Amino acid sequence: MKPILIAHRGASGYLPEHTLPAVVAAHTMGADYIEQDIVLSRDGVPLVLHDIYLETTTDVARLFPGRQRQDGRFYAIDFDLHEIKTLSVRERTTADGKAVFPDRFPVVDMALRIPTLAEEITLISGLNQSRGTQTGYYVEMKAPAFHQAAGQDIAGITLDTLEQAGLNTKAAPVFLQCFDPNTLRYLKDELRTPLPLIQLVGENGWSDPPGVDFQMMRSELGLDEVARYADGIGPWIPQLFEKDGMTPSRLVRAAHDRNLLVHTYTLRADSLEAGFEDFEALQAGVFSEAKVDGAFSDFPDLTRRFIDNIQRRSD
Ligand code: CA
């Protein structure tokens, strides 16, 4: 099977992440799926936004001075949609305003808006019609416990939006992903979605979500448990390899033994994992050595070309 290409936050290597231009670019670069990270507004609207706060990718601090919490952050859940729609999205910056990826798109105001999930579905389904494609949706629910503490059911609301678009069906080109195993169990057992569920795998040191033991999750016993509720796992690239950074670890085989898909994150041409001398070598390691079923890429055109070339070589 040909591995799938998931455009990570759109074509985020080229345009500000999760903006509609980045989605259009990813679509035309031939992504199989485009990723949506979901965070809710105060009035409960699913937004396509990576962080639960707004200052890292927008001008919220300038437009809404005083609306930050004690920790200095401007949380999306403290703003209604009509306020969020006044913000301009730009390239991701650090706390002191420096570009996180200095060689990417410049940090400039182009009056780009944070899309809602519904708006992004309208765009992608429109492009699927006009371009004759079936590009899919790869939807991550961010920080469900944080949303629950604010009285919001992010999984239920996200699924409602997909349902209204006719996308909560077995045939729909949609994956649901989450770091929180409780949310995936809830989606399967209580919300009874037929959509495939991907358990994202982090590291215990990240403490996100708190209390989830990812070391255990990657063990044989842990994967037995994941296979009870999920259809696949989403490990980050270093987990695919031994400490030397290049010999494949047991993880992919152990997942495949349990019929779990493996979709890894994140291929970045301008931020290589240790042990790989260039982007081609990294992609060869991930697709040809580790043999994953798919990968998130910030550079969908480069990953499209790589996947199509391995396919040609094996034909
Ligand atoms: Ca994500």
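This report walks through a few strands, a helix, a calcium site, two single residues and the empty spaces of one structure.

The model is predicted, so to speak of local features we need pLDDT of at least 70, side-chain atom pairs count only at pLDDT 80 or more, and totals for chains, interfaces and linings use all residues. Residues are numbered from 1 along each chain as its sequence is written, and side-chain values use heavy atoms, with hydrogens and water left out.

**Strand β1 and its partners**

Let's start with β1, residues 4–7. Strands here are DSSP runs of E with at least two residues, helices are runs of H or I with at least four, and both are numbered from the N terminus. I4 and I6 point one way from β1, L5 and A7 point the other way, and all are buried. Buried means under 20% relative accessible area, with exposed over 50% and partly exposed in between (1.4 Å probe, protein chains only).

Two strands count as paired if DSSP finds at least two bridges between them. Here are the two partners of β1:

| Partner of β1 | Residues | Bridges | Direction | Opposite I6 |
|---|---|---|---|---|
| β9 | residues 294–297 | four bridges | parallel | F296 |
| β2 | residues 33–40 | two bridges | parallel | Y33 |

**Helix α1**

Helix α1 covers residues 20–28, and its buried residues are A22, V23, A25, A26 and H27. Their cover includes β1, β2, α4 and α12 (300–314), going by contact, which means heavy atoms within 4.5 Å. Just after α1, G30 takes a positive phi of about 90°.

**The calcium site**

Which residues hold the calcium ion? The donors are E35 (OE), D37 (OD) and E140 (OE), at 2.2 to 2.3 Å. In sequence they follow the spacing E-x1-D-x102-E. D37 sits in strand β2 and E140 in strand β4 (residues 136–141), so this pair ties together parts that are 103 residues apart in sequence. Both D37 and E140 are buried. A donor is an N, O or S atom within 2.8 Å of the metal (3.2 Å for Na, K and Ca), and since water is not among the atoms, sites may look incomplete.

**Two buried residues**

T158 belongs to helix α6 (residues 154–164). It counts as buried because its relative accessibility is 0%. Leaving aside neighbours within four places in sequence, T158 is in contact with I38, L117, V139 and M141.

F101 is in the loop between α3 (81–84) and α4 (117–131). Why does F101 count as buried? Because its relative accessibility is 17%. Not counting residues up to four places away in sequence, F101 touches R268, D270 and S271. F101 and S271 are 170 residues apart in sequence, yet 8.9 Å apart in space, C-alpha to C-alpha.

**Empty space**

There is one cavity of 30 Å³ or more, and the largest cavity holds about 60 Å³ of space. Its lining includes E17, H18, H50 and P115. By class, that lining has five nonpolar, four polar and one charged residues.

The second largest pocket has a volume of about 400 Å³. Of the 15 residues that line this pocket, the closest to its centre are R218, P238, Q239, F241 and S249. Its lining has five nonpolar, four polar and six charged residues.

On a 1 Å grid over the protein atoms alone, a cavity is a set of points where a 1.4 Å probe fits but cannot get out, while a pocket is an open set with protein on both sides within 12 Å along at least five of seven lines; lining residues have an atom within 4 Å of a point.

Key
Points joined across faces, edges and corners; volume = space filled by probe spheres on them. Nonpolar A, V, L, I, M, F, W, Y, C, P; charged D, E, K, R; others polar.
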